[in-house]
Every structure is written in structure tokens, then in C-alpha cells.
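Here are some friendly notes to read with the structure open beside you. Take the points one at a time, and look for each residue as it comes up.

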Amino acid sequence: MYEPVYDVAIVVPIFNVEEYLQESLESLAAQTMFDRCQVILVDNGSSDSSPQIAAAFAERHLNVWAYTYPYGKAGGARNAGMDVASAHYIAFCDSDDILPDTAIETLWRTAAKERAPLTIGRMETFPAPTEWPWLKYFGSAPQVYPGIENIPDMIYAAGPAHKLFDLDFIRRNNLRFQEGVHFEDAFFVVPSMLLADRIAVVPETVYQYRKRATGDSTMDHLWDRKENYWDHLALEEHVLALRPRLSGHRQEVADRFLVRTYQGFALRAPDVMTDDELWQLFERCRNIYARMTPDTIMRSTIDTRHRVPFLALYLNSFELFARPGEVVRGVYGRGTDLYLDVPVPGELLPLAKVTAAHVHLERVRAVKAAGGLVVSGRFAVNGLPLNRPLHNQLKLWIENSGRTVPARVMRRGDLLATREDLEWGGFEAVVPVGEFKDGEFPLKLVFCTQGRDVSRPCMTTTALLRGARSTRVADRRVLPVVRGKNHAALVVRDATTPASRKAWRSLIRSMDRDQRKRRAPFWRARLIRLATRPLFARREVWLFGERKDTAQDNGWHLFRYARQVEKRRGAYYVIDKDSPDRTKLKKLGHVVAHSSWKHKLLMLHASVLINAYDIDAYMIPDDWDRTSYLRHLSWRVGARRVFLQHGVLNEDASKGLHRNRTGVDLALASSVEEGRFFAEYMDYRDQVQVLGLPRFDALQPDRGHRRILFMPTWRSYLAAPSYVKDGDEDAARARFEASHYREFLVGLLHDPRLHAALERHDYVFEFLPHYEMRNMVDGVLPEQGRVRRLDQRETGVQDALRGCDLFITDWSSVMFDVAYLGTPLVHAQFDPDQYWGEHSRRSWFDAERDGFGPVCGSVDEVIDQVIRYLESGCVREPEYTRRAQKVFAYQDRGNCARASRAIAQLTRAA
């Protein structure tokens, strides 16, 4: 029996954390009972200065020991520290985290007082907070529980941080961290929680966990790394081995842990494993889960989708486990419930019950050729893979009409981009509203099954509300409306006589009165609209904009054309009052401060909203709630929506730009292939027109200034869009600092060969960061020399493009502007796997086949091409000129005129 020397031992595994280690160690030294602690620093084979920092700290404190354990990972280092610990209790601290000053004393006093083998305190994360389900157990005072069964969700707090362990309890139960695997913490912590007969919980924050955005942690690639599936399965088997030692209630907690923590792996294993590997996984999983009751699986899984792998284990069906999309092709109806259409015995039927079947209506349009109103949307049946067409027939039930009509299943690229097993989750149906009497008709999608047909209500979507307005279909007038709990319905009225048209206006006014009576959102705005309508009786309001603080793109160029050439009285431009671009707009007149009263008044009378970006993100006044605006006001105004684009669409942006998501009435394209992609793949059909981008009309080259321009685009996984107000800027900056994106920027901008070439040929290298990245790139430029940064708020993008002699970009669509100008360019595509995997998806354009310059994958290759172009006088090769001429449908400086005519035709058809 050992005789403890210290009250608490603190073990700190260390590996390449020189940036954070000193701060972490100082937080240990600041502990109120530091002199009664044995601090054991164990370096795990660092290659930076971490060992020296640890050794220096140990030299300054007699109660600190610094060891080296260059084997395994953090688990091995913790075991090594635990083996030499000589204290009553032991705690663990990661070498980049921080302990509040009273952390150890708070845990120790409670543990000693309550004689608890395990004491747990609150943990916080920084720079961004994290909400864990087990935080609910922390009240205002310490609590003591006789076992984990009383706080079952605490079992998922499987890290050793923020906990204090009785060292004798740990050694008696031979609890160890697993070495050489991921999740090594849980091999130690989960058994300790299951075996502890007293668990104390203190409300104070005792640990501050640093969320580092390195992108290389186990959790960052939880489902991608094949070894995670095997390592976590080994953890499940390790916990299962403890089961005979546990009471019945603790066995239930262990079973919940076994199911809930592996359900994601079991679901995704077919995506990452070969059949042989899957078979081994299947067999090992059967040994664990087939012995559990179906009720345990039901209580411990999230939904049907996650229950399917466990159902396969019960049925001993490898095919269902490995290829659920081939086995489960439809649903079966019982009463009002849906079940996956697979043969199962009665006791397993609850596992096949569908937990949710959602139907969303996204679009309503009159189509003469179809003979009525075409409605389209999407559906998802939890647990039913839709990577193939559904076997069940679908129908659309128009309630109160006595009619159902066939619904056709549709393949949707935007749903595929969201999740592969949603690919065939679109539907479309033709509603013969001309045959209906006046009335209101809720819509439901019906799943026709061999059992009973089961219906689900169609819910409204943002896309439906964006395009919701009164539509004339044959002799009927139709308006999509929201009823009840976000259910979609169609209001249908006769439109053949003056009396019926008068009745329609009366109906709309009654809806306004109802809004006012209920004090519904925007009821005042609707009254103001009625009162001010005479002011706008003789003019259409065309409301232009881009981002709230810019006027440099297609919105600005088309607005200038509308004011200078067409002399359009009703054209207005919305922009922040403090924007630097506001000055050049003033001479055109009709410039409106964003979110001002005049902006709001124009929104109430706009015939058309015209933007090169997201209309809802940038054109709606700041103090207007978007959802309420779309639900209560947008349809009442009925403004058409025009998407000018902010570049030629050369990537698959269907996830955000599919017509069933945007509600756009007109989208512009410049290339025939681009227009075809919009029409067919993103379902714009005749709502896309190949007219050319308005900004191309002003693209006149101004070369000869000996300038190279570098404009990389942004990365959504590094920076949230600027209109996402709750983005975590500190976390985003940390991700950027650790990214390959930044590494390439620094490598290129600091390259000695580049600087030498610039000096030799007397060129300047200008770096213009993307709008969404501009706040992150400080520090990437050299302090002096011929490389300089441009700012969009001071230098217009078009001016920079026109004035450069050579252009470099990664994937930015401004490559098309440069190609239009005839300027040579270099494609610096240094991160294709990550770009296409995490930011965007491929489309009709391929730089190797269709691009306008050489494609490079590294800094050295880019520099080689830059030097070659400088030595040749920056002349574009004939092959790239041919490709540019092939891409553009128009190069006649008439894009603004075509766009304006198309918008005018759109408003006339309203």
C-alpha cells in the first residue's frame, strides 16, 4: 500500500503546443492549492520547444516533474504520469487548456468531504461556447449521486478533463487509458463513471477547454477516418466486458452508451468500408447489439435512419446493413403511420416505424402546356434512402376539392448536394385548378402503399414564400397561403367577370383587416402601403442593390444604364449611407440609404427587386424579420425577383441557387452551357435567359501599367458569409490561421523568385482578397517590396481587372471577366480536393478543358507561369482566346439593354 505524499496529482500530456503551453502551465501555478499538488508533465515526443518549456517550468517548482514518454499518444502519456503519481486524487489537464484558479481546490474539497471516487465540475469551451446535454446536471450547489444511473447523460462526458478521480479507486479497478487508438480517453473515463458508487457534481467551472481550429483532430474527421470505426468498436467491446459487474440500472446506462455512441458509425460504415471490412464489422457488431432488447435500441437511437443498421443486426441481414438503399425501396402504411417496407417479425416492428415524414412545398407556377398549376416540392422519409426513385406511387391530395392527382418523383441536384440519400426526394404534380370551385384547398402528399395510403401535410418553405403571389391560371386566380402550423394551401377564385375581380380585391382587403385585427407582423406596413399607393400609381419601382455597402457589380452597372440611358424614373439603388461607393451613385440620383424609411416605403411598392447577390440577405431592411416579411408582406407586395448574378456560374451552386430554393423569377446567364445548367439542372427553365452580365458592358482593357493581379476566392469552411450575424469570428480566424489556404497565400506572396521577377521586369503584384476573407488576411503580405494589397472599398474590382496585365486566381468566377478582356491568366488551383469537398461542387466548367490559362497546383508552378508570361510580354495564347470566344454568347456591349428589356417584359407579364 502506497503512502500518498500530495493531495492531488495533475498529469499533463504534452505534444507540440509551444504556442499555448506556457499559458496552461501558468494556470496550474496559479491554483490556490498548487503547493499541495504533484504536477507531472509528460512530453509525448514533441518536435517544437514544448519540452524545453516544460523543463523550465519544472526547474522553477519543486512539486513539478517533467518526463519524456515518446510512445503512443496522449493515452500513453497519461498512463505514464498516473504510474508515478503519489497522491490521494488525480486530475488530468491538456497542455493547451486552462484551469481557473480555484478549480483543483473546488474539486478536492468536495471529493474529500463526500468521499467520492469521482468528482465532476462544469467545463466551458473557448473562444466559442458549447452546449452539452450533461450540463443540465449542474445546479447551484454540489450534489452527490449514488451512481451514474441517477445522471445517465453524464456518461457522454467521456473526457478526463473537469474530473477528479480517487487514485486508489482507479488502481483497484485497474483503469487505464487505451494506447495507440483514437478515443483513448473513453476507455478510462466511461468505466470509471460506470463503476463509481458515489459521484459528486460541483456547479463551478473547473476547466476551460480551448477549441482549436486545426482541422486535424479525431472529431474533425469523425466519420471520414476508417480507423475511427474500428477504434470506437473496440471501446464498445471494452465497455461491454464491464457489463457483468454492473447493477441492472447501470447496465441500462451502459447499453444506452453502447448504442448511442455507435449509431453514427453503424449508419455510415458502408460509405467508407469495403464489403470484406463491412462483413467483419457486421459480425462484431452482432456480438454486441443483437443481444440487446429492441426497446433498448428504440430508447437509445435518434430516429429510424439510425435504427436501420441495428434492425439489420437483429435480422442477420448483411445486405440491409451494407446496402440499405437497395433493400429499403418504399414504405408501408398502418393506420396513420408509415413503416419501412421490409419484412420484420412483430417484436421488431417498432424499429421499422418511420419517426418523421416531412413534405415541403417550394414552388407554384402556371404552365399552360401542363393544363393547370404545377406545384413542386421535396419530401423526406426518415430511414428511407432516396438515392433511387421511390417504389411507392405518390399523389397530391387537394383537400376540400374531392380530388387527388398523380405526383411525379423528381431527381434534385440540390438535394443530392445536401445529402446523397435525398437525391430522389423531389416531387411535382399538376393541379387542375380550372375545375375547382371558389375556396381554400390545403395540400397533402399521399404515400400509396400495399397497406393503407398515408398522407402528410405540405409545409411551406422560404422558397415558396419568396415566389408567392397571385397567379392567373385559365379562368381562375390562385394565391398560395400559409395556414395553421405552417401548412400550405391554395386560395382559388373565379377571375372571369368584373364582379369576380372585385370580389378578389375584397378578399385581399379582408386579409389586411384580419392582419390589423390580430396585430400580426407587418400589419402597419400593409396599411401604409394602402395609404401611399397613389404616390406610386404611375410608375414602376425597380429597386437595385448588391451587398449593402457596395456598388461595383452587375447591380450598379444595370442601375447606371437604367438611369443614364433609359432615364427610368422608378429606378432606385439601396446602399449603406456610409458606403464609399455612395459617392459615385449620387450623380445618378435615386440613391436610398439602406434601412431608411424611404427604403422601407419603396419595398412596399416595388415591382421588382434586382440584385447580383442574395435578395433577402442584402435588400431587406435590417430591422425587418426575414421570416415574418416573407410570410406576411412579400406576397402582398408581389415584387418580382431578378438575380443578376455576380459572375458566370461555373460551379454547382444548386444547394443554394436551385429555383425551388430561391424563388427567383429571372436569372441571367452569359454562356449557353451555363444557361443550360440553370435551366435543366437547377430547374429554372424559361426563368433563365442567356443575356450576358451587365458589368461586361464596361469591360474595356486598360493594360500596360505593369500590374499582376491576384484574386483568390473565399472558402465557406474558413469564413461564414458576412450576412450570418452570429458567426464566430475568433474560431473562423483560428481556422484560417491553420489552413492550407493561408499557407498558399503566404508562400506565394513571400516567394523570393516572385520578388526577383517583379524587380527584373519592373512589375507590381497586387493582392485583392475576396470580400468575405478581407478581415482575415492581415499579416499574409510581406512588409515591403512590390507586393501590395488592394481593398474593394477603395479600388473597384472592375477597375483592378481592367488595369492588370496578368491575372491569377484559384477558382473565382472573375476569371470570366478577365477572359472577356483578353488578359492572360493563371489558374492557381492549389486545393482541389478540399475545395470541391467542402466548399463547392463541380459543374459544366473544367479549368483543364475549358479554362483560359495554365492550371497550376503549387506555388512553384504558379511562379513558373508568372515568369514565363512576364518574359513573353504578357500575351495570351491563341488556344485560350479560342476558348474565351466559345464561352460567351455575346461580346457586343449590349448586355444591359438585353437585361433591362427582359425585366420590363417580366413586370408587364405580372
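Which elements do the buried residues of α30 pack against? Keep that question in mind while you read the first point, and remember throughout that this is a predicted model.

1. **What α30 packs against.** Start with helix α30, which covers residues 752–761. Its buried residues are Leu754, His755, Ala757, Leu758 and His761. Viewed down the axis of α30, these buried residues fall within an arc of 160°, so they line one face of the helix. As for the opening question, they pack against two helices, α29 (740–749) and α35 (859–871), and against the strands β28 (707–710), β29 (764–767) and β30 (787–789).

2. **The other face of α30, and its two ends.** Now turn the helix around: the face away from the buried side carries the exposed residues Pro752 and Arg760. At the start of α30, look for aspartate 751, where a side-chain oxygen comes to within 2.9 Å of the backbone nitrogen of arginine 753. After the helix comes aspartate 762, with a positive phi near 60°.

3. **A general point about helices.** It helps to know that an α-helix has 3.6 residues a turn, so residues three or four places apart point the same way. You can use this idea on a short helix elsewhere in the chain. Aspartate 168 and arginine 172 both sit in helix α5, four residues apart, which is about one turn of the helix. They form a salt bridge, with their closest N and O atoms 3.0 Å apart. Aspartate 168 is partly exposed, because its relative accessible area is 25%. Arginine 172 counts as exposed, because its relative accessibility is 58%.

4. **A salt bridge between distant parts of the sequence.** Next, find arginine 250 and glutamate 149, which form a salt bridge whose closest N and O atoms are 2.9 Å apart. Arginine 250 belongs to helix α8 (residues 248–260), while glutamate 149 is in the loop between β6 and β7 (163–166), so the pair ties together parts that are 101 residues apart in sequence. Is arginine 250 buried or exposed? It counts as buried, because its relative accessibility is 9% and the cut-off for buried is under 20%. Glutamate 149, with a relative accessible area of 26%, is partly exposed.

5. **More salt bridges.** How many salt bridges does a search of the whole structure find? The search finds 69. One pair to look up is arginine 568 with glutamate 566, where the closest N and O atoms are 3.3 Å apart. Glutamate 566 is partly exposed, at a relative accessible area of 29%. There is also a network of salt bridges that links Arg363, Arg365, Arg408, Glu428, Asp683 and Arg685.

6. **A buried arginine in α12.** Arginine 305 lies in helix α12 (residues 304–315). Arginine 305 counts as buried, because its relative accessibility is 18% and buried means under 20%. Which residues does it touch, not counting those up to four places away in sequence? They are Leu267, Asn382, Gly383, Arg419 and Asp421.

7. **Backbone details in the loops.** Three loops deserve a look. Phenylalanine 183 has a positive phi of about 60° although it is not a glycine. This residue is in the loop between α5 (167–172) and α6 (184–195), and it counts as buried at 15% relative accessibility. Histidine 590 also has a positive phi of about 60° without being a glycine. You will find histidine 590 in the loop between α21 (582–586) and β23 (591–593), and at 24% relative accessibility it counts as partly exposed. Finally, the peptide bond from phenylalanine 126 to proline 127 is cis, with omega near 10°. Proline 127 lies in the loop between β5 (118–126) and β6 (143–145).

8. **A nonpolar patch on the surface.** To finish, move to the outside of the model. Which residues make a nonpolar surface patch of about 250 Å²? They are Trp65, Tyr67 and Val84. Tryptophan 65 is found in strand β3 (residues 64–68), and it is partly exposed, with a relative accessible area of 30%.

Notes
Residues are numbered from 1 along each chain as its sequence is written. This is a predicted model: local features need pLDDT of at least 70, side-chain atom pairs count only at pLDDT 80 or more; totals for chains, interfaces and linings use all residues. Side-chain values use heavy atoms; hydrogens and water are left out. Patches are made of residues with over 30% relative accessible area and no salt bridge: like charges are joined within 9 Å, nonpolar side chains (Val, Leu, Ile, Met, Phe, Trp, Tyr) within 5 Å. Accessible areas come from the Shrake-Rupley method with a 1.4 Å probe; for residues, only the protein chains shown count as cover. A salt bridge is a side-chain nitrogen of Lys or Arg within 4 Å of a carboxyl oxygen of Asp or Glu. Buried means under 20% relative accessible area, exposed over 50%, partly exposed in between (1.4 Å probe, protein chains only). The arc is that of the directions from the helix axis to the C-beta atoms. Contact means heavy atoms within 4.5 Å. A polar contact is a pair of N or O atoms within 3.5 Å; within protein, one must be able to donate a hydrogen and the other to accept it, and residues adjacent in sequence count only if both atoms are side-chain atoms.
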